[in-house]
Amino acid sequence: MNLSLIKTMIAAALITTAASCTDKLDLLPTNDVTADIVYSTPEGYKQALAKVYGAYALTGNTGPAGNKDIQGSIDEGNFTDFLRTYWYAQELSTDEAVLGWSDPGLPDFHNMNWSPTNPALTGLYYRSLFQITLANDFLRQATDAKISEHGITGSDADAIKAYRSEVRFLRAFQYWVLIDLYGTPAFVTENDVLGANLPQQIQRADLFTYIESELKAIETELLDPRTNEYGRADKAAAWALLARLYLNAEVYTGTAKYSEAITYSKKVIDAGYSLSSDYRHLFLADNHKNKNEFILTINYDGTRSQSYGGTSFITHAAVGGSMPAQSFGISGGWGGIRTTENLPKLFPDYSGTADKRAQFYQDGQNIEIKDISLFTDGFGVTKFRNVTQAGVAGSSLDFADIDFPLFRLPEMYLIYAEATLRGGAGGDKATAIAYINKMRERAYTNTSGNVSDINLDFILDERARELYWEGFRRTDLIRYKRFVENSYLWPWKGGSKNGQEVASYRTLFPIPSDDLTANPNLKQNTGYN
């Protein structure tokens, strides 16, 4: 980790309210506050917890920009927000999205020719390490000895111990992001003294073991499913991340763990969650009403948690051409992201399909992309809209109220089905089909879309139909060996109009050049030297 590029920040020293742990974020910065002051009271610990959560939604301490977390010349709004940079990496590199902007590094994603100096990949890497740094600091301050030192006892002490488990989960999630995208990142825990030594590099299989062990260690300590505040982690969040980790275990370690993926996805499925009645309500300004389906979310509030990333980016950047901005609850579109023809063609008769998940804008848009820089080449995607179920605009026309689901129930259905088809023990195909049909009955509002059989190709397509633009596609295509290979092509894959195979090493992104320069303990991923 290049500490010169990351503002070393004591977790709680920049927070005066803990409202991010509830329905919406409400972070206000302050200065000249030391860790000893902040962690001296139970309220201070919860404020510190708010910063750890809030770092997923904000880029700094003066929204929408200013006093940024990630220092240096990197653009705060474009390249330091977690969700925005993660979305770039997971979606723009696939068939689900193209972006017409020429900002440095962004065309590289669809061309699949990114380098170790790509600013979005650098920003995401440092954002992940920054959030891990916040988590590590909280954990150093939340030991039993530290809690006792501050004279905190009884139920207050118990609450802080519960916070500690949540922070370990958030750190594990961030390390999952790093293992999936970068493979072999710098590795630090609360046992490393901040700034004392340069971090060591961890190998991918070892990082898998660490994430797995952390999640299992806190599995019994977290609150029961659906009993924590909205937007905070509980047992189901840990189970969901374990299920996702195990589904991709063969990619990460060379050893499949589909039986474990079945076990943990089933734990979530049996934990009392249920599908919301209308798929189109899941990505609106008041989508916090879908608590029955959402397992864990990044919470946004257009008035109190403003940034140029998150769902504000996804909503604004997807509007252009003849798309009416007012119907999206925004003041104007940024005319950037669309989809290739591969995604709408996964829906039968996409122009008039009965599948309500197909949310595409076609007026004035060409399905064929002849020129990526033209917004009208490629269908628009209308999935994210900053309006309520009643059609009322969100609290701000410039910043979205839409919460982003990191985990929701349908992913668990799909993991169970795929792991079962891949031979995992404990799975049942008939049960898997029933789970798939639950999603499809919601999508079609009846049983007309139900299926009587499934295979792995169907599951990959169904994942796209259900989860598109939610940050899954790159990981899915890699697991199916269709990301870099010529077995599956999409328009402009690898910079070719009809798509082309690219080098196999691009299943991993490079470690940023700045980090390699600053830390001789690190080695570059294969192919990027």
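This report walks through the fold of one protein chain and then stops at a few of its residues.

The model is predicted, so to speak from its record: local features need pLDDT of at least 70, side-chain atom pairs count only at pLDDT 80 or more, and totals for chains, interfaces and linings use all residues. Residues are numbered from 1 along each chain as its sequence is written, and side-chain values use heavy atoms, with hydrogens and water left out.

## The whole chain

Let's start with the overall picture. The protein chain has 18 helices and eight strands, where helices (H or I, at least four residues) and strands (E, at least two) are DSSP runs numbered from the N terminus. Its radius of gyration is 22 Å, close to the 24 Å that the globule rule gives for 529 residues, so the chain is as compact as a globular protein of that length. That radius is taken over C-alpha atoms, and the rule is 2.2 Å times the number of residues to the power 0.38. Along the principal axes, the C-alpha trace spans about 65 × 50 × 45 Å.

Of the 529 residues, 63% are buried. Buried here means under 20% relative accessible area, exposed means over 50%, and partly exposed is in between (1.4 Å probe, protein chains only). Take the contacts (heavy atoms within 4.5 Å) between residues at least 6 apart in sequence: 69% of them join residues at least 24 apart.

As for the surface, the accessible area of the chain comes to about 17,800 Å², and carbon and sulfur atoms own 48% of it. Areas come from the Shrake-Rupley method with a 1.4 Å probe; for residues, only the protein chains shown count as cover. There are 50 positive and 63 negative side chains, and the centres of the two sets lie 3 Å apart. Lys and Arg count as positive and Asp and Glu as negative, while His and the chain ends are not counted. Each charge is placed at NZ of Lys, CZ of Arg, CG of Asp or CD of Glu.

## An enclosed helix and a neighbour

Now for helix α13 (residues 310-317). Eight of its eight residues are buried, so α13 is largely enclosed by the rest of the structure. The buried set includes Phe313, Ile314 and His316. These buried residues of α13 pack against α4, β5 (337-338) and β8.

Helix α4 (residues 82-92) is home to Thr85. Thr85 is buried at a relative accessible area of 1%. Leaving out residues up to four places away in sequence, Thr85 touches Asn78, Phe79, Thr80, Ala120 and Leu124.

## Buried polar side chains

Glu166 belongs to helix α8 (residues 154-181) and counts as buried, with 2% relative accessibility. Beyond residues up to four places away in sequence, Glu166 touches Leu49, Tyr53, Leu222, Asn228, Arg232 and Ala233. Two of these neighbours, Tyr53 and Arg232, turn up again in the table of polar contacts. A polar contact is a pair of N or O atoms within 3.5 Å; within protein, one must be able to donate a hydrogen and the other to accept it, and residues adjacent in sequence count only if both atoms are side-chain atoms.

| Side chain | Partner | Distance |
|---|---|---|
| Glu166 | Tyr53 side chain | 2.5 Å |
| Glu166 | Arg232 side chain | 2.5 Å |
| Asn386 | Gly329 backbone oxygen | 3.1 Å |
| Gln71 | Lys68 backbone oxygen | 2.5 Å |

Asn386 sits in the loop between β7 (380-381) and β8 (404-408). Despite the loop setting, Asn386 is buried, at 0% relative accessibility. Its C-alpha atom is 9.8 Å from that of Asn287, 99 residues away along the chain.

## Loops and backbone oddities

The loop between α2 (42-54) and α3 (76-79) holds Pro64, Asn67 and Gln71. Gln71 is partly exposed at 31% relative accessibility, and its C-alpha atom lies 9.7 Å from that of Tyr126, 55 residues away along the chain.

Most residues other than glycine have a negative phi, and most peptide bonds are trans. Here are some departures. The peptide bond joining Gly63 and Pro64 is cis, with omega about 0 degrees. Asn67 has a positive phi of about 50 degrees and is partly exposed, at 35% relative accessibility. Thr445 has a positive phi too, about 60 degrees. Thr445 lies in the loop between α15 (429-444) and α16 (456-467) and counts as exposed, at 55% relative accessibility.
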